[in-house]
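Biologist: I am new to this structure. Could you take me through it in questions and answers?

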Amino acid sequence: MSARADTAASAAWESRVRRARRRGGALRLTRLAGRAAGVAAILLFTLFPVYFMLASAFSDRMTSAVGTLVPRDPTLDNFVHVLTEGDFGTYMLNSLAVACITVVGACVLSLLAAVAVARFRFRFRTAILVMILVVQMVPLEALVIPLFLQVRDLRLLNTVLGLGIVYIALSLPLAVWMMRGFVAAVPKEVEEAAYIDGASWPVMFWKVLFPLVAPGLVATAIFAFIIAWNEFVLALTFMQQSDKYTVAVGLRQFFGEYANEWGHVMAASTLITLPVMVFFVLVQRWLASGLVQGAVKG
Amino acid sequence: MRRRSALLPWVLLAPALAVIAALLLFPLGRIVWLSFREYRLRNLVSGESDFIGPANYVTLFTDSYLWRVALPNTVGFAVVAVVSTVVLGTLVALLLSRLRPVTRVVVVSCIMVAWAMPAVSGTYVWLWIFDVDSGVVAQALKGAGLLGPEGYNWFADRLFFYAVVVLNVVHGGFPFVAVTVLAGLLTVPRELHEAALLDGAGAWKRFWHVTFPVLRPVFAVVTILSTIWDFKVFAQVYLMPGGGVGGSEMLNLGVWTYVSSFGQRDYGMGSAIAVVLTLLLLAVTAVYLRALFREDELR
């Protein structure tokens, strides 16, 4: 009986909301046009530099130092060159391995830490939060020397693991702060209800909290992946053997050896950008399903 | 039960704290130590360094370059860049939240390209766009008759130089804010918005009184992070013409640290600049944190 009353109440609510929308909102067509204009403006700003990169990557014999907006004699030569004349494939694999370590490490460690600081009150909690913020304020460029000594002492120079662990450390402070917000946004009542239903801590964690913070985890994963994929100075310092280079370091080779071959540089840049895009499109679906679950539970 | 719950947060924190302590806290200590020492190329070779007290700091603070160039460049740029990034990112997130799911996926994927683009490549593209005489901007201005055939060197002027850096940094930085705020927006209960709508609240009021309070922690995080990133932005300045040259008018504190350490081989001074930048960021963040504590957001 109460279920039927609920349904009736929610139907009444829906219709009141619809009426209020009609009253308050601008005309539907104007709203649509506004949104379309907004989307167009954003896409223009975001994609223009990207288009510039692509146009230059597909241009034959690009000697001009300012790129080109219209590809001259469109060709795949730049890509063929980048992929065949050198070890770019190896760099891609190295970067992928480093990125996987970083993403998994950052997600797991940051979620655990975020639950600790968002859900428990304990001594030194504030001190730890402040410390986590402080450590990431040091400019990375100044950390190169001490970090190098540290990784060398751990005997992890020239290893994917060594670079991955450093990137986990770099992304952790932000990841913890980001996750903290998402964990804190989950109402405590949801957890308490699970406890009352007799759920244990781990069950509550995986069945209740995890789905609700999934969007946060996805954001953290993307964020950690991009750090690992694009970071340059540390990768250059720690990976001293050329078969251990990451893509960011590999990209530099095209600047060094072919000073004016912008076509090669931009083709390599395009290839570097692609995996991040693929990764994002993959997790995007998961992001959406996490959101749907959140909506159902909310 | 009581004992277990007292220990649990530490168990959850342990792995993260171990990694942070070993790879960030300890190196940070080394930088502070280094900043009180004379540490140049010969020290790097011999491995010995001399304790010189606060001499590096005295030199730094009595150098008019800090007050005239590096500090204004750093702070002025960061304020403009953070405000632009957060406002644009939030506007885009609000727009995205009103799109149909399929359209949203497409648009989000597109703006992610800007974030995914390596900073190095992105910087070169922005350099092309603003090239002195054959850049897109110069060509357009010439076409409109606003610029003579000699072109204009945007990078010789501090204001224009940093305007280009702002465009570059906002281009690469707003997708993070947009995606994070969007993920937050979708956790805001729909009923709250609907109730406000029934009370006759307009779009701005609904955002300010409903969305913003709920997403306060998310906004706090994206603002603090953007602040931290923009205060120590490196590649986007270093790679621009004049940006990586010692003594130029374009250095910010982050690039200055690097130029001192690796350009002038004065690691002690480089570390001192890094410590000053860190303290500056700390002071700025303390202001945010105070605001958070007052609101009891650090639950």
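What follows is an exchange about a predicted model.

Biologist: How many helices and strands does chain A have?

Modeller: The elements of chain A, read from the N terminus on, run α-α-α-α-α-α-α-α-α-α-α-α. No strand interrupts that run, for the strand count is zero. The tally for chain A is 12 helices and zero strands.

Biologist: What share of the contacts in chain A join residues at least 24 apart?

Modeller: The contacts counted are between residues at least 6 apart in sequence. Among these, the share that join residues at least 24 apart is 71%.

Biologist: How much of chain A is buried, and what supplies its exposed area?

Modeller: Chain A has 298 residues, and 52% of them are buried. Its exposed area is about 13700 Å². The atoms that supply 65% of that area are carbon and sulfur.

Biologist: Where is A:Arg19, and how far apart in space are A:Arg19 and A:Val151?

Modeller: A:Arg19 sits in helix 1 (residues 2–24) of chain A. With a relative accessible area of 44%, A:Arg19 is partly exposed. A:Val151 is 132 residues apart from A:Arg19 in sequence. From C-alpha to C-alpha, the two are apart by 63 Å.

Biologist: Is A:Arg152 buried or partly exposed, and which residue does its side chain meet in a salt bridge?

Modeller: A:Arg152 has a relative accessible area of 43%, so A:Arg152 is partly exposed. Its partner is partly exposed too, at 47%. The salt bridge has an N to O distance of 3.7 Å, and the partner is A:Asp153.

Biologist: How many salt bridges does the structure hold, and which residues of chain B are linked in a network of them?

Modeller: Over all chains, the structure holds four salt bridges. In chain B, B:Glu38 meets B:Arg40 at 2.9 Å, N to O. B:Arg40 also forms a salt bridge with B:Asp266, at 3.1 Å between the closest N and O atoms. The network is therefore B:Glu38, B:Arg40 and B:Asp266.

Biologist: How many residues apart are B:Arg40 and B:Asp266?

Modeller: B:Arg40 is in the loop between strand 1 (37–38) and helix 2 (41–46) of chain B. B:Asp266 is in the loop between helix 12 (253–263) and helix 13 (267–294). This pair links distant parts of the chain, with a separation of 226 residues.

Biologist: Which member of that network is buried?

Modeller: Buried means under 20% relative accessible area. B:Glu38 has 23%, so it counts as partly exposed. B:Arg40 has 34%, so B:Arg40 is partly exposed as well. At 12%, the buried one is B:Asp266.

Biologist: Why is helix 8 of chain B called largely enclosed?

Modeller: Helix 8 covers residues 158–185 of chain B. It is largely enclosed by the rest of the structure because its buried residues number 21 of the 28.

Biologist: What span should helix 8 of chain B have, and where does the helix bend?

Modeller: At 1.5 Å a residue, helix 8 should span 40 Å. Its end C-alpha atoms are 38 Å apart, which agrees. The helix bends by about 35 degrees, and B:Pro175 follows within four residues of the bend. The bend is at B:Gly173.

Biologist: Which residues make the nonpolar surface patch on chain B?

Modeller: One member, B:Val83, lies in helix 4 (residues 64–97) of chain B. At 48% relative accessibility, B:Val83 counts as partly exposed. The patch is about 430 Å², made by B:Val79, B:Val80, B:Val83, B:Val87 and B:Leu91.

Notes
Residues numbered from 1 in each chain as written. Chains lettered and ligands numbered in written order. Predicted model: local features only at pLDDT ≥ 70, side-chain atom pairs only at ≥ 80, totals over all residues. Heavy atoms only, no water. Patch = residues over 30% accessible without salt bridge, like charges linked within 9 Å, V, L, I, M, F, W, Y side chains within 5 Å. Areas by Shrake-Rupley, 256 points an atom, 1.4 Å probe, with all protein chains shown as cover. Helix = DSSP H or I, 4+ residues; strand = E, 2+ residues; numbered from the N terminus. Buried < 20%, exposed > 50% of the residue type's maximum accessible area, 1.4 Å probe, protein only. Contact = heavy atoms within 4.5 Å. Expected span 1.5 Å × (residues − 1). Bend = angle between axes of the 7 residues up to and from the residue.
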